[in-house]
Amino acid sequence: MMLSLRFKLSLVTIFFLASYSFAKQTDKLDESILSKNRLEIFDLSKEQIEEDSSKLKKDWINPIMYTYSKVYGETYDTEKSLVSIDQPIFKAGGIYKAIKYANATRLYSHLDLDLQKKALIKDTTTLLFNINKLVLEIKKQELLVKNGQIDIQRKKEQVFNGFADTSVLDTAILDTNTSKNALAELVYQKEELINQFNTYAQGDYTSFELPKFKLLEKEAFIKNNLNILKSKADISSKNDYTWMTVSKYLPTVSATFDYTKYHDSNNPTINVDESVQNYGVKVTVPLDTRTYNDIQSTRIDYLKAKLDFDNVILEQENFFKSKLSKIKMIDSKITIAKDDYELYNSLLDVIVEEKEAELKTQSDVDTLLNSKKIRELELKILSIEKQIELLEIYSKIS
């Protein structure tokens with residue numbers, strides 16, 4: 001009997017150690033967790049960024065204007081078409097900076113979209129982790145209820161045999177009912193999280209394998225941090241925009257062209273068989289009292305972006321430090337839980353031997369076995385909590 005029970009306990013231990021590494025190793029967030037509709041929205045947003053960027057690159061190109069007119073005068077009627085072009089060909093660096101600004105804005109928009117997408121993936125994956133965590137907590141609570149029921153039975157025997165008064169039994173019943181109520185609350189929480197998960201995810205939570213993240217080096221976190229990269233792109237775009245603003249008030253050289261075609265006219269001075277073409281070069285020098293204020297305003301925006309960059313780095317460094325501290329605290333709890341697990345293993349050996357010697361009852365063995373399983377579940381729960389913290393870190397990097 002003792003050897004059989006020890007063999008069963010060994011199987012439980014082997015199963016626990018095997019299932020402890022229940023997740024797949026990964027170094028990035030998996031977007032396949034999101035529903036097709038939500039992924040398609042991000043794809044369309046990415047496509048929109050490309051179109052907006054292309055449009056911005058062409059903003060310096062003026063449109064070719066076509067005008068059709070038919071004028072009814074008191075003496076003559078005239079019908080004609082006019083094609084006119086007024087295109088800047090030199091804006092003191094403004095054209096080059098406009099293209100650079102479009103590229104910087106495109107990068108900024110893509111980084112911002114990546115942050116939004118990763119935030120949604122992170123939130124959905126966190127829900128998946130928490131659902132699996134609740135599954136473990138429910139199993140743990142069921143074991144606590146079982147231990148409570150064993151304790152009630154033990155207290156009943158003590159009361160019936162005159163070794164304890166009814167207040168002891170009453171306390172055991174109340175404690176067990178508290179555990180049952182906690183179990184019902186956990187089941188409800190699980191259903192709530194599943195409903196939230198189904199709002200964003202592409203399938204039942206049981207169809208997803210939990211990811212397993214490893215701890216990232218601080219240098220890699222800072223180097224690939226999306227918030228920092230986005231802040232750099234913001235500095236670049238504001239710098240280019242400052243030079244665009246300056247060039248707006250500098251001389252602009254434009255090529256001009258007009259083409260006029262008369263379709264019909266009863267004016268004898270107009271030959272409808274001929275067309276009129278004019279072309280030339282135009283220099284424009286704006287004289288605006290607001291020039292200095294406009295340039296200074298954009299320059300201040302650029303300086304603010306540079307100062308904010310230092311703040312973003314500090315924020316992300318402190319974020320990483322906080323997560324690292326939380327992970328160290330969870331690791332400490334895992335070490336304590338492992339020590340408890342080993343302690344229960346050794347205690348079980350003693351209790352089993354005493355049970356074989358009829359010094360302990362089967363209920364004593366069952367209680368301790370359940371307590372050992374509770375420690376196993378606590379280790380798994382702590383492992384999930386650690387992964388949630390690592391997930392927060394990975395949601396910030398490209």
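This is a short walk through one structure, helix by helix, and then through its core and its empty spaces.

Before anything else, please keep in mind that we are looking at a predicted model, and that every value I quote has been computed from that model's coordinates.

Let me begin with the helices. Helix α3, which runs over residues 94-160, has 67 residues that should span 99 Å at 1.5 Å a residue, and because its end C-alpha atoms are 96 Å apart, the expected and the actual span agree. After α3 comes Gly 162, which has a positive phi near 80°. Helix α7, residues 291-356, has 66 residues and reaches 96 Å from its first C-alpha to its last, which is close to the 98 Å expected at 1.5 Å a residue. Here again a positive phi follows the helix, since just after α7 the residue Glu 358 takes a value of about 65°. Helix α8, residues 362-394, has 33 residues and reaches 48 Å between its first and last C-alpha atoms, close to the 48 Å expected for it at 1.5 Å a residue. As for its surroundings, α8 is mostly covered, with 25 of its 33 residues buried.

One residue of α8 that I would like to single out is Leu 368. Leu 368 has a relative accessible area of 14%, and therefore counts as buried, the cut-off being under 20%. If we set aside residues up to four places away in sequence, Leu 368 touches Tyr 344, Leu 347, Leu 348 and Ile 351. For a sense of scale, its C-alpha lies 34 Å from that of Ser 207, a residue 161 places away in sequence.

At the start of α8 there is a second pair to look at, for the C-alpha atoms of Gln 362 and Glu 157 are separated by 14 Å, although their positions lie 205 residues apart along the chain. Glu 157 itself belongs to helix α3, and with a relative accessible area of 44% it is partly exposed.

I turn now to the nonpolar core. Which residues of the largest nonpolar core touch the most other members? Of its 42 residues, these are Leu 34, Phe 129, Phe 197, Phe 213, Phe 221 and Ile 393. The elements that give two or more residues to this core are α2, α3, α4 (166-200), α7 and α8, and the largest share, 12 residues, comes from α3. If we look at Phe 129 in detail, and leave aside its neighbours within four places in sequence, we find Phe 129 in contact with Leu 210, Pro 211, Phe 213, Ile 384, Gln 387, Ile 388 and Leu 391.

That brings me to the empty spaces. Rolling a probe the size of a water molecule over the atoms shows where empty space is left. In this model, a search of the whole structure finds 2 cavities of 30 Å³ or more. The second largest cavity has a volume of about 30 Å³, and its lining is made of Phe 42, Asp 43, Lys 46, Leu 113, Asp 114 and Lys 117. Two elements, α2 (36-57) and α3 (94-160), each give two or more residues to that lining. How many of the lining residues are charged, and how many nonpolar? By class, the lining has 4 charged residues and 2 nonpolar ones, with no polar residue.

Among the pockets, the second largest has a volume of about 240 Å³. Of the 13 residues that line this pocket, Lys 91, Gly 94, Ala 98, Met 244 and Lys 248 lie nearest its centre. The elements that give two or more residues to its lining are α3 and α6 (226-248), and α6 gives the most, with 5 residues. In terms of class, this lining has 7 nonpolar, 3 polar and 3 charged residues.

Staying with α6 for a moment, I would point to Tyr 241, which lies in that helix. Is Tyr 241 buried or partly exposed? Because its relative accessibility is 38%, Tyr 241 counts as partly exposed. Apart from neighbours within four places in sequence, Tyr 241 is in contact with Tyr 101 and Thr 298.

Finally, a residue from a strand. Thr 78 lies in strand β3, residues 77-90, and because its relative accessibility is 16%, Thr 78 counts as buried. Not counting residues up to four places away in sequence, Thr 78 touches Ser 69, Lys 70, Val 71, Tyr 262, Asp 264, Ser 265 and Ile 270.

Definitions and conventions. Residues numbered from 1 in each chain as written. Predicted model: local features only at pLDDT ≥ 70, side-chain atom pairs only at ≥ 80, totals over all residues. Heavy atoms only, no water. Helix = DSSP H or I, 4+ residues; strand = E, 2+ residues; numbered from the N terminus. Expected span 1.5 Å × (residues − 1). Buried < 20%, exposed > 50% of the residue type's maximum accessible area, 1.4 Å probe, protein only. Contact = heavy atoms within 4.5 Å. 1 Å grid on protein atoms, 1.4 Å probe; cavity = no way out; pocket = protein on both sides within 12 Å on 5 of 7 lines; lining within 4 Å. Points joined across faces, edges and corners; volume = space filled by probe spheres on them. Nonpolar A, V, L, I, M, F, W, Y, C, P; charged D, E, K, R; others polar. Core = buried A, V, L, I, M, F, W, Y, C linked by side-chain atoms within 4.5 Å.
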